[in-house]
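Colleague: I have a chain on my screen and would love to go through it with you. Could you take my questions one at a time?

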Amino acid sequence: MARSHSLAMCCWMRAARVVKSGAPCRLAMPDRPRCRNDSEPLFLALCPTMGVFFDYFRAATDDAAADVFDWPAGPTCPPPGTEPKDSAELKNIDPHVMMGTLEALLTGNRYEDITARPRHAATLRFSDDGGQGVLTVTDEFTSALAAANDDQIRALAHPWSQTEEFWGLADPAELTELLQDLRDLAVRATQHQHHLYCWTSL
């Protein structure tokens with residue numbers, strides 16, 4: 001009963017944060033850098049100071065991952081009688097551009113080749129207003145991340161923090177901790193033969 005109450009309170013607070021988060025910036029704002037290309041998701045055109053939730057989680061199938069779209073406030077807040085998903089919260093770190101640059105640094109592959117994969121940040125479900133959705137993460141990235149040791153993670157954090165999407169605001173030490181959490185999630189996904197996914201909400 002105590003666990004159920006705690007989970008319900010967590011989900012209520014999370015849902016309130018999702019509802020109260022800001023609105024997208026206008027694409028025409030002066031000095032606002034453009035997205036890399038017109039095919040990239042609209043959530044990439046957001047102010048860096050507003051909160052955008054990106055929760056990465058593991059699931060056995062696309063259908064199981066897509067079900068999270070209907071959950072109250074992401075993979076940690078399931079409906080009654082359902083277990084939360086194993087997840088890692090990386091607020092403001094999107095699965096398309098920022099994870100693409102991370103994979104390029106990690107593997108040496110070209111960013112253009114990485115983002116051209118059919119399952120790179122592919123949409124499973126998305127709301128009509130673009131405010132909430134569930135996207136895929138490629139198995140290639142999951143495997144590469146799962147194989148990275150702590151020294152490799154620390155070495156990645158500094159050059160990744162210097163990429164333009166962080167606006168010069170990222171702390172490599174904080175990114176190291178986030179990447180270690182994501183790496184550990186990738187390890188568990190690999191062990192269970194699961195895939196990684198991303199739930200996002202403005």
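Colleague: Among contacts in the chain with a separation of 6 or more, what percentage comes from residues 24 or more positions apart?

Modeller: Happy to start there, and please keep in mind that this is a predicted model. The chain has 202 residues, of which 44% count as buried. Of its contacts with a separation of 6 or more, the share from residues 24 or more positions apart is 71%.

Colleague: Which pattern of helices and strands does the chain follow along the sequence?

Modeller: There are seven helices and five strands to place. Read from the start of the sequence, they follow the pattern α-β-α-β-α-α-β-β-α-α-α-β.

Colleague: Which strands are the edge strands of the sheet?

Modeller: The sheet is open, has five strands with antiparallel pairing, and has the order 2-1-5-4-3. Neighbouring strands in it are turned by 15° against each other on average, direction ignored. An edge strand pairs on one side only, and that describes strand 2 and strand 3 (123–126).

Colleague: In strand 5, which residue is the bridge partner of threonine 136?

Modeller: Strand 4 (residues 132–136) and strand 5 run antiparallel and are joined by five bridges. Between strand 3 and strand 4, also antiparallel, there are three bridges, and threonine 123 stands opposite leucine 135 there. Back in strand 5, the partner of threonine 136 is tyrosine 197.

Colleague: Which glycine takes a positive phi in the hairpin of strand 3 and strand 4?

Modeller: That hairpin has five residues between its strands. The phi there is near 75°, and the residue that takes it is glycine 130.

Colleague: What angle does the direction of helix 7 make with that of strand 1?

Modeller: Helix 7 packs on the sheet, where it touches strand 1, strand 2 and strand 5. Its direction and that of strand 1 make an angle of about 25°.

Colleague: Which element gives the most to the largest nonpolar core?

Modeller: This core has 27 residues, and those with the most contacts inside it are Tyr56, Leu90, Ile93, Met99, Leu102, Trp160 and Leu182. At least two residues each come from strand 1, helix 3, helix 5, helix 6, helix 7 and strand 5. Another core lies apart from it, with 10 residues, among them Phe57, Ala65, Val68 and Phe69. In the largest core, the top contribution is six residues, and it comes from helix 7.

Colleague: How many residues of helix 3 are buried?

Modeller: Helix 3 (residues 97–107) is covered by, among others, strand 1, helix 4 (111–115), helix 5 (139–146), helix 6 (150–161) and helix 7 (172–191). The buried residues are Val97, Met98, Met99, Gly100, Thr101, Leu102, Glu103 and Ala104. Just after the helix, glycine 108 takes a positive phi of about 85°. Of the 11 residues in helix 3, the number buried is eight.

Colleague: Why is the pair of phenylalanine 53 and tryptophan 199 called tilted?

Modeller: This is one of three aromatic pairs found in the whole structure. The ring centres of phenylalanine 53 and tryptophan 199 are 6.5 Å apart. Stacked would need planes under 30 degrees apart and edge-to-face over 60. The planes lie at 40°, so the pair is tilted.

Colleague: How many residues apart in sequence are the parts that this pair ties together?

Modeller: Both phenylalanine 53 and tryptophan 199 are buried, and the charged end of lysine 91 sits over the ring of phenylalanine 53, 5.5 Å from its centre. Phenylalanine 53 belongs to strand 1 (residues 53–59) and tryptophan 199 to strand 5 (residues 195–201), so the separation of the parts is 146 residues.

Colleague: What kind of pair do tryptophan 160 and phenylalanine 166 form?

Modeller: Tryptophan 160 is buried at a relative accessible area of 0%, and phenylalanine 166 is buried at 10%. Residues that tryptophan 160 touches include Ile93, Met98, Leu102 and Phe166. The centres of the two rings are 5.0 Å apart and the planes are at 85°, so the pair is edge-to-face.

Colleague: Is proline 78 buried or exposed?

Modeller: Proline 78 lies in the loop between helix 2 (62–66) and strand 2 (87–89). Its C-alpha atom is separated by 7.6 Å from that of valine 68, 10 residues away along the chain. The cut-off for burial is under 20% relative accessible area. At 8%, proline 78 therefore counts as buried.

Note on methods
Residues numbered from 1 in each chain as written. Predicted model: local features only at pLDDT ≥ 70, side-chain atom pairs only at ≥ 80, totals over all residues. Heavy atoms only, no water. Phe/Tyr/Trp six-rings, centres within 6.5 Å; stacked < 30°, edge-to-face > 60°. Helix = DSSP H or I, 4+ residues; strand = E, 2+ residues; numbered from the N terminus. Buried < 20%, exposed > 50% of the residue type's maximum accessible area, 1.4 Å probe, protein only. Lys NZ or Arg CZ within 6 Å of the ring centre and 35° of its normal. Contact = heavy atoms within 4.5 Å. Core = buried A, V, L, I, M, F, W, Y, C linked by side-chain atoms within 4.5 Å. Pairing = 2+ DSSP bridges. Axes fitted to C-alpha atoms, helices over the stretch in contact; angles between N-to-C directions. Lists of a residue's contacts leave out its neighbours within four places in sequence.
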